Amino acid sequence: MWQLGRFLFFILLFTFVENYQHNDIFKESLTIKPLSDGKLLTHFQFNVRTSEIKEGKAFSHYKFFPRAIGQIIQSYNARELHLTFTQGRWNYEDWGYPIVPSAGTGVELWAWLWKDGKLDKNWKSLTNALAGLFCASLNFIDDTITVQPKLSFRPEGLYNATELSARAELRYGSLPHENVCTENLTPWIKLLPCKSTSGIASLLNGHKLYDSNFHSMSIHVRPVCQDLECLDRQLEIVQTVSAVVDPVRNSGKRDWSLDQIFGRRLSQACPLAEESKLEVILSENGDYKLSPAVDDVRKNDGDATIALYNLKTLQLETDISMTWNEDVFKYSYGQERGGIKVNIFNKSTNMTVPIIYYDVIPWFLKLYLHTLKVQINGEEVRDSPVSPIKDLYYQPAVDRSRPNVIEAELLLPPNSITTLSINFDKVFLKYTEHPPDANRGFDIGSAVISSIGEGFNHLHDFMTRNCSEDIPKATCYHFFIRVYTETLLVSLPTPDFSMPYNVITLTCTVIALFFGSTFNLLTRDFKVKTKYIDFTINSIIVPE
């Protein structure tokens with residue numbers, strides 16, 4: 001009877017613990033989006049919500065919410081915490097806006113801290129604790145680089161922001177030169193409920209992640225409301241990893257698979273996750289195929305078509321892939337090509353201004369005259385009768401002999417912006433033709449715009465003082481005003497200058513050790529020398 005009562009007691013205790021632990025919710029997702037330049041955006045997101053946190057009280061139990069983060073935010077009275085590690089720059093022009101807000105290169109940290117009389121001390125302790133947790137140099141965020149923004153970085157939690165602003169203060173700091181590496185990723189993964197043993201996090205391969213054009217890793221801790229009245233609040237931690245990889249670089253195609261971009265396949269969903277899904281944002285144009293078949297297709301709020309995979313029903317070692325019906329993906333990217341664009345403003349409201357545009361381009365930039373375009377107020381002018389170019393002189397360059405020369409006579413319409421643009425290819429230089437500071441780039445001189453008109457009469461007296469009385473003044477100051485554009489800095493393909501040094505050093509070492517020793521042995525005249533030693537024997541007479 002006693003054993004039965006003990007058994008029932010343990011059943012009730014186990015049931016109570018299970019119900020008690022059911023407050024934490026964990027969700028994981030992976031979003032993949034093909035970009036317009038052939039690259040691929042991969043966005044990992046892990047959400048944990050807990051009801052264990054109470055304002056002014058410590059955690060009494062940890063299930064999915066990481067203990068390390070919970071202890072830090074409660075020890076230093078942090079209401080919100082946002083930490084982001086970023087390497088590279090997000091290309092807004094070609095990639096659009098990111099799925100979640102991105103940050104600048106380096107490390108960015110900002111937090112809302114309660115006003116408890118030791119706020120500045122808590123901020124300093126917070127940076128040191130996070131530095132130790134993530135193996136980063138966050139402890140260098142001192143008073144000299146800590147600021148308190150007043151308008152930016154508003155609270156992101158779903159609660160009364162006015163109440164928070166009255167009871168808490170914002171602290172912000174960043175380290176632009178902080179590098180992101182595996183030492184930061186490893187402790188970040190350890191905060192997840194399943195670590196990297198299963199689920200989407202098993203795809204986080206540091207070798208593949210850091211071989212990308214852009215990658216960002218972040219942690220966001222904030223309170224959220226559980227109901228519309230916000231009577232019940234929860235604490236949420238969102239961990240994200242965003243990376244932009246380039247499948248075109250290796251294969252020349254936009255085809256991708258999980259095994260290709262991560263070096264791994266999905267084994268299974270995290271068993272602790274309430275929701276585990278993989279989303280592929282489909283392109284509007286293009287002939288492609290997803291494999292295996294998707295579980296569902298839906299539209300999001302931005303009318304984008306999303307293919308959805310439920311990882312809870314996925315088989316073991318599944319490799320999701322997308323193949324495009326194309327031989328080669330063509331997109332103009334890289335550093336081997338470029339162009340020059342000049343904007344010329346005529347701010348006169350009623351006068352057409354004649355000008356002469358003159359530019360000298362070095363020979364190592366090969367210009368293509370057929371790419372010369374003229375635009376007026378953003379609209380390309382193709383018909384010769386209305387073209388502002390009235391005369392054009394072009395001298396092509398000769399390698400290592402002479403530069404490119406462009407001279408054009410133009411008429412600038414009133415109140416207009418005339419844009420001249422031309423494309424070029426970059427030439428590979430010999431390593432001896434690079435300057436000592438080759439990595440800085442090459443300076444391109446200013447273009448010269450010459451003009452004369454009624455609007456420049458105020459310069460008449462200054463330009464005609466040295467004119468002879470016998471020469472007409474109109475001839476004396478012909479094209480007397482010149483406007484110079486900014487100089488350009490162009491990066492050319494630069495060799496690794498350490499390699500010739502290493503080759504020379506190694507060669508000299510080999511010659512010195514082997515050839516020098518052999519030559520010395522072959523050319524040295526060896527002679528045998530005999531050394532004579534004289535021995536002198538002294539007799540010592542010992543008296544009896």
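## Strand S23 and its partners

In this predicted model, Tyr357 has Ile449 of S23 as its bridge partner. Tyr357 belongs to the pairing of strand S15 (residues 353–361) with S23, which is antiparallel and counts four bridges. A second antiparallel pairing, also over four bridges, links S23 to strand S24 (residues 481–484). There, Ser450 is placed opposite Arg482 in S24.

Strand S23 covers residues 448–451 and is buried on both faces. Val448 and Ser450 lie on one side, while Ile449 and Ser451 lie on the other.

## The chain as a whole

The chain contains twelve helices and 25 strands. Of its 544 residues, 40% are buried. The accessible surface amounts to about 33100 Å², and carbon and sulfur atoms hold 54% of that surface.

Among contacts with a separation of 6 or more, 75% are between residues 24 or more positions apart.

## Helix H4 and its surroundings

Helix H4 runs over residues 119–134 and has 16 residues. Its end C-alpha atoms are 22 Å apart, which agrees with the 22 Å that a rise of 1.5 Å a residue gives. The buried residues in H4 are Leu119, Asn122, Trp123, Leu126, Thr127, Leu130, Ala131 and Phe134. In an α-helix there are 3.6 residues a turn, so residues three or four places apart point the same way.

The buried residues of H4 pack against helices and strands alike: helix H2 (67–75) and helix H6 (182–189), together with strand S3 (78–87), S4, S5 and S6. Just after H4 comes Cys135, with a positive phi of about 55°.

## Strands S4, S5 and S6

Strand S4 (residues 106–114) and S5 run antiparallel and are joined by eight bridges. Within this pairing, Glu108 stands opposite Ser174 in S5. Strand S5 itself spans residues 168–175 and is mostly covered, with six of its eight residues buried.

Strand S6 (residues 214–225) includes Cys225. Cys225 has a relative accessible area of 16% and is therefore buried, the cut-off being under 20%. The C-alpha atom of Cys225 is 8.2 Å from that of Gly157, although the two residues are 68 residues apart along the chain.

## Helix H6

Helix H6 has Asn184, Leu185, Pro187, Trp188 and Ile189 as buried residues. Their cover includes H4, helix H7 (206–209), strand S2 (40–50), S3, S6 and strand S7 (233–245). Both H4 and S6 thus appear again here, as part of what covers H6.

## Loops with positive phi

Phe153 is located in the loop between H4 and helix H5 (161–167). Its phi is near 55°, a positive value in a residue other than glycine. With a relative accessibility of 28%, Phe153 counts as partly exposed.

Lys195 sits in the loop between H6 and H7. The phi of Lys195 is also positive, near 55°, and Lys195 is a residue other than glycine. At 35% relative accessibility, Lys195 is likewise partly exposed.

## A three-stranded sheet and a cis peptide bond

S8, S13 and S10 make up an open antiparallel sheet, in the order S8-S13-S10. Strand S8 (256–257) and strand S10 (288–291) are at the edges with a single partner strand each, so one side of each has no neighbour in the sheet. The pairing between S8 and strand S13 (residues 321–324) is antiparallel and has two bridges. One pair of bridge partners is Ser257 and Ser321, the latter in S13.

A cis peptide bond is found between Ser291 and Pro292, with omega about -5°. Pro292 lies in the loop between S10 and strand S11 (296–299).

## Helix H12

Helix H12 has 26 residues, from 498 to 523. Its first and last C-alpha atoms are 35 Å apart, close to the 38 Å expected at 1.5 Å a residue. H12 has a bend of about 30° at Phe515.

An unreviewed UniProt entry annotates residues 501–522 as "transmembrane region". In the model, this span is 100% helix and 0% strand, and its end C-alpha atoms lie 30 Å apart.

Notes. Residues are numbered from 1 along each chain as its sequence is written. This is a predicted model: local features need pLDDT of at least 70, side-chain atom pairs count only at pLDDT 80 or more; totals for chains, interfaces and linings use all residues. Side-chain values use heavy atoms; hydrogens and water are left out. The expected span of a helix is 1.5 Å times one less than its number of residues. The bend at a residue is the angle between axes fitted to the seven residues ending there and the seven starting there. Buried means under 20% relative accessible area, exposed over 50%, partly exposed in between (1.4 Å probe, protein chains only). Contact means heavy atoms within 4.5 Å. Accessible areas come from the Shrake-Rupley method with a 1.4 Å probe; for residues, only the protein chains shown count as cover. UniProt positions are given in the numbering used here, feature names are shortened, and annotations may be inferred rather than shown by experiment. Two strands pair if DSSP finds at least two bridges between them.
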